[in-house]
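Here are some notes to read beside the model. Keep the sequence and the 3D view open, and find each residue as it comes up.

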Amino acid sequence: MSLKASEDSTDGELVELACGGDERAFGYLVQRYERAAYSVALSVTGKHEDAEDAAQESFMVALERLDECRNPDRFAGWLMTIVRNRSRNLIRRLSLRDTDPIPIGATSSQPTPDRVTETSELRGQLRAALDELSDIQRQIVLLHDLEGWKHREIAERLDLPSGTVRSHLHFARKALRKALKGPVSADI
Amino acid sequence: MMDDITDLDAYRGDPGLDPEVSAWLRVLDPATEEPNYWFRFRSWVVESAGPELARRRLLADVSVGDVLQAWSRTLLPTALAAAAAAAFLLFQSPATVPENPLLVEDLLVAELGDDPIPAALSLGNAVTFAADRF
């Protein structure tokens, strides 16, 4: 019986089909992990445009190297490693080009006075708060509280002990609350 | 104190989703400003992956059997032709095969006659020898 890609297919099945050039299977993989890839990229680059580029590039690289994914059922973790590396490379390239490194939230920390919406203000504060977190704390809090990954999934996919993920998540949330609670809680 | 207890509980158990932090982080989702964002993102990726997917389909279509079949298609006729040529040479008329095949030594002295080479090349005879031979 030949395998067919569907939303219910496991990662392993989709990877196997995508290896054979199944566009539908690859599309499902992208759909399943596009947000997580973007979140991880954003946690490294700190900028929407760069995160978008890094995430998209990562999917292309993942497809080209799909045969190297030794455990297709752990595709997510493998993909996130690619995303992190691509994002860091992107930052390095940009740093070399612009001479100044781009800190997280660099674009939003100085909103134009003419057009400051509540959302962009919150976004700016949020990015500044995220900037205070470590790289891994940003990844964990974004994957957990934005993408809805369970802490066990994060632990497995980022190859971290479960307790480490819990503690990072806890301290990341605490830091975000401390930074954001006052000025924005009324707007939410 | 209450905060400490809550923190400790959160540290020990499964953290679950934090609705407040989740609501804050949602503004980072590009789809909040552009509802079509993820569809556009995916379309770009899948479209860009087209050539690589096509290459993979092509590779997948060419199975091991196909490779062997294509290989045998060239190999078998060549092998048959070679076998036929060998058989022809082997079983051709025995009259054409010399009874006493020449050895290398025989070939070297075949046309020199009975005179030994040093005698033929000796002084006085050299010019005559050359004129006779060439």
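The points below go from the fold of one chain to the core, the interface, the salt bridges and the surface.

1. **Status of the model.** Please keep in mind that this is a predicted model. Each value below is computed from that model.

2. **The fold of chain A.** Chain A has eight helices and zero strands. Along the sequence the pattern reads α-α-α-α-α-α-α-α. Chain A has 188 residues, and 49% of them count as buried. Now look at the contacts in chain A between residues at least 6 apart in sequence. Of these, 60% join residues at least 24 apart. The area that chain A exposes is about 9400 Å², with 46% of it supplied by carbon and sulfur atoms.

3. **A covered helix.** How many residues of helix 6 of chain A are buried? The answer is nine of eleven, so call this helix, residues 135-145, mostly covered under the 20% cut-off for buried residues. Nonpolar residues such as Ile140(A), Val141(A), Leu142(A) and Leu143(A) are among the buried ones. Gln137(A), Arg138(A), Gln139(A), His144(A) and Asp145(A) are buried too.

4. **A buried acid.** Find Asp11(A) in helix 1 of chain A, which spans residues 11-19. Is Asp11(A) buried or exposed? Asp11(A) counts as buried, because its relative accessibility is 9%. Set aside its neighbours within four places in sequence. Asp11(A) is then in contact with Leu29(A), Arg32(A), Tyr33(A), Pro72(A), Asp73(A), Phe75(A) and Ala76(A).

5. **The largest core.** In soluble globular proteins, nonpolar side chains tend to be buried together. Here the largest nonpolar core has 67 residues. Those with the most contacts inside this core include Phe26(A), Phe59(A), Met80(A) and Leu25(B). Helix 2 of chain A, residues 23-45, gives the largest share of the core, with twelve residues.

6. **One core residue up close.** Leu176(A) is also one of the residues with the most contacts inside the core. Again leave out neighbours within four places in sequence. In chain A, the contacts of Leu176(A) include Leu126(A), Leu130(A), Leu133(A) and Val141(A). In chain B, Leu176(A) is in contact with Val21(B), Trp24(B) and Leu25(B).

7. **The interface.** The size of an interface is often given as the accessible area lost when the parts come together. Between chain B and chain A that area is about 4100 Å², and carbon and sulfur atoms give 65% of it. Which three residues supply more than any others of the area that chain B buries against chain A? They are Trp24(B), Leu28(B) and Arg56(B), which supply 20%. By contacts, 39 residues of chain B are matched with 48 residues of chain A.

8. **Salt bridges between the chains.** The whole structure has 18 salt bridges over all chains. Eight salt bridges run between chain B and chain A. In one of them, Asp29(B) meets Arg35(A) at 3.0 Å, N to O. This pair joins two chains, because Asp29(B) sits in the loop between helix 2 and helix 3 of chain B, while Arg35(A) is in helix 2 of chain A. Asp29(B) counts as buried at 13% relative accessibility. Arg35(A) is partly exposed at 33%.

9. **A second bridge to check.** Arg40(B) and Glu52(A) meet in a salt bridge at 3.9 Å, N to O. Arg40(B) lies in helix 3 of chain B and Glu52(A) in helix 3 of chain A, so this pair also joins two chains. Glu52(A) is buried, with a relative accessible area of 14%. Arg40(B) is partly exposed, with 41%.

10. **A bridge within chain A, and a network.** Glu57(A) and Arg86(A) form a salt bridge at 2.7 Å, N to O. Why does this pair tie together separate parts of chain A? Glu57(A) is in helix 3 and Arg86(A) in helix 4, so the pair links parts that are 29 residues apart in sequence. Elsewhere, salt bridges with shared partners join Asp67(A), Glu52(B), Arg55(B) and Arg56(B) into one network.

11. **A nonpolar patch outside.** End at the surface. Leu68(B), Trp71(B) and Leu75(B) make a nonpolar surface patch of about 340 Å². Trp71(B) lies in helix 5 of chain B, residues 64-91. Trp71(B) counts as exposed because its relative accessibility is 55%.

Notes
Residues numbered from 1 in each chain as written. Chains lettered and ligands numbered in written order. Predicted model: local features only at pLDDT ≥ 70, side-chain atom pairs only at ≥ 80, totals over all residues. Heavy atoms only, no water. Patch = residues over 30% accessible without salt bridge, like charges linked within 9 Å, V, L, I, M, F, W, Y side chains within 5 Å. Areas by Shrake-Rupley, 256 points an atom, 1.4 Å probe, with all protein chains shown as cover. Salt bridge = Lys/Arg side-chain N within 4 Å of Asp/Glu carboxyl O. Helix = DSSP H or I, 4+ residues; strand = E, 2+ residues; numbered from the N terminus. Buried < 20%, exposed > 50% of the residue type's maximum accessible area, 1.4 Å probe, protein only. Core = buried A, V, L, I, M, F, W, Y, C linked by side-chain atoms within 4.5 Å. Contact = heavy atoms within 4.5 Å. Buried area = accessible area lost by both parts, 1.4 Å probe.
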